[in-house]
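Reader: I would like to take a close look at a single part of this protein, and I would be glad of a careful, connected answer.

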Amino acid sequence: MHQLYLRKEGTSRRLSSWDRTGGNKDFIVIGAGQSAAIAEIASAGVIQHIWMTIASRDKYAFRKVLIRMFWDDEQEPSVDSPVGDFFGVGHGVASHYVSMPLNMITTQNVIEDKAAMNCFFEMPFRRGARIEIINECEHEIVLYFYVDYVEKEIPEDSFYFHASWRRENPTKGLVDLSALKAEHDKQDKANYGDQKVYELKNLTGEDNYVILDAVGEGHYVGCNLSIDHLNPMPGFSWPGEGDDMFFIDGEPWPPRLHGTGTEDYFCAAWGYPSGKYDAPYHGLSLYAPIRENGDAWKESNTISFNDYSGKMTQYRFHIVDPIIFRKSIRFSIEHGHANAQSNDYSSVAYWYQREPHKAFPQMLSVSQRLPIPEKESAKLFYRTF
């Protein structure tokens, strides 16, 4: 409990959207294409909590609106992400879940377009901090927010908080599904696809989906990974066979940390048989399987063992087991066994490091950030069979 009985140093402060007239309009309005600084601090301190909620007329506002954070005098952000993904749910929607550092509070068991969002990652700064919200919606948004921080001196050995969003749509799969399907039908083998996929080998990690590529000294503290499974294989179809790999400090193959499968890295097994669940350090903040009618959002969170189509966001936080690097870290994960599948992958990595940090990938345009519509996902999935 952070030794709550001990005397604390510093001065507690808050920046929020409270109505300065004394009325009840406790929000700010950000016009379409506009941005607003919700925190501008000119001292040393630590942000300890961020709360916000957004009202928008735009579908997928959680992907269209960006959050950026700058520490001290840096010109490039140390946090750069769509707001929904930053708070732990991908695909441009909101979903109720609670983890230790992040959560969304909204209607349970319903895919939403609104939520209260909370972040409890500590974010130190020595000379100042700036948090910006960028509205790339077609319409204005209404934003309520708190930024709670303690004004105090920061030890010299402290690292800065970072978070970076990425997307690859689709990943470059290595299997010709049409040829695989034709051979599967000809041989009438239910597991033929599995046999051919498992013949593939990956002994470099070069074609993996990259979640984090950082240079410097620090420690990685977690991620969320969103997948839209568009590329099923004949036979047992599951994107979760991809291994996680951590290449640390420039070391060659094999990576210092090598995992056994995607759901294994996210602390589960057997293809998420529970469906959606939240735990303090791992879980599925979103699970929206697609049935043949393409109506993913109204379906139950309970899945059958062969129902691996649709959208998911899974998270893993290394709060008690941060992964340490002294010079660099490259964390990647296979998209299907040996990178066999072509799916929609996006992610946010969270880590602490000394500045300066390696330049982040350029933020994609709004059109390139949007999720694939549910019915289109279903068409892409079911046309394989």
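In which strand does Glu 151 lie?

Author: Since this is a predicted model, what follows describes computed positions. Glu 151 belongs to strand 12, which covers residues 141-151. With a relative accessible area of 26%, Glu 151 is partly exposed, because that class takes in values between the buried cut-off, under 20%, and the exposed one, over 50%. Along the chain, Glu 151 and Ile 47 are 104 residues apart, yet in the folded model their C-alpha atoms are separated by 8.7 Å.

From Ile 47 we can turn to strand 4, which runs over residues 45-56, and to the largest pocket, whose volume is about 1100 Å³. Of the 29 residues that line this pocket, the closest to its centre are His 2, Val 46, Gln 48, Phe 120 and Glu 122. Strand 4 is one of the elements that give two or more residues to the lining, and the others are strand 1 (11-16) and strand 15 (218-229). Taken by residue type, the lining of the largest pocket divides into 16 nonpolar, 8 polar and 5 charged residues.

For a contrast with the partly exposed Glu 151, consider Val 320, which sits in the loop between strand 20 (310-317) and strand 21 (323-325). Val 320 has a relative accessibility of 63% and therefore counts as exposed, the cut-off being over 50%. Together with Met 100 and Ile 319, Val 320 makes a nonpolar surface patch of about 280 Å².

Notes. Residues numbered from 1 in each chain as written. Predicted model: local features only at pLDDT ≥ 70, side-chain atom pairs only at ≥ 80, totals over all residues. Heavy atoms only, no water. 1 Å grid on protein atoms, 1.4 Å probe; cavity = no way out; pocket = protein on both sides within 12 Å on 5 of 7 lines; lining within 4 Å. Points joined across faces, edges and corners; volume = space filled by probe spheres on them. Helix = DSSP H or I, 4+ residues; strand = E, 2+ residues; numbered from the N terminus. Nonpolar A, V, L, I, M, F, W, Y, C, P; charged D, E, K, R; others polar. Patch = residues over 30% accessible without salt bridge, like charges linked within 9 Å, V, L, I, M, F, W, Y side chains within 5 Å. Areas by Shrake-Rupley, 256 points an atom, 1.4 Å probe, with all protein chains shown as cover. Salt bridge = Lys/Arg side-chain N within 4 Å of Asp/Glu carboxyl O. Buried < 20%, exposed > 50% of the residue type's maximum accessible area, 1.4 Å probe, protein only.
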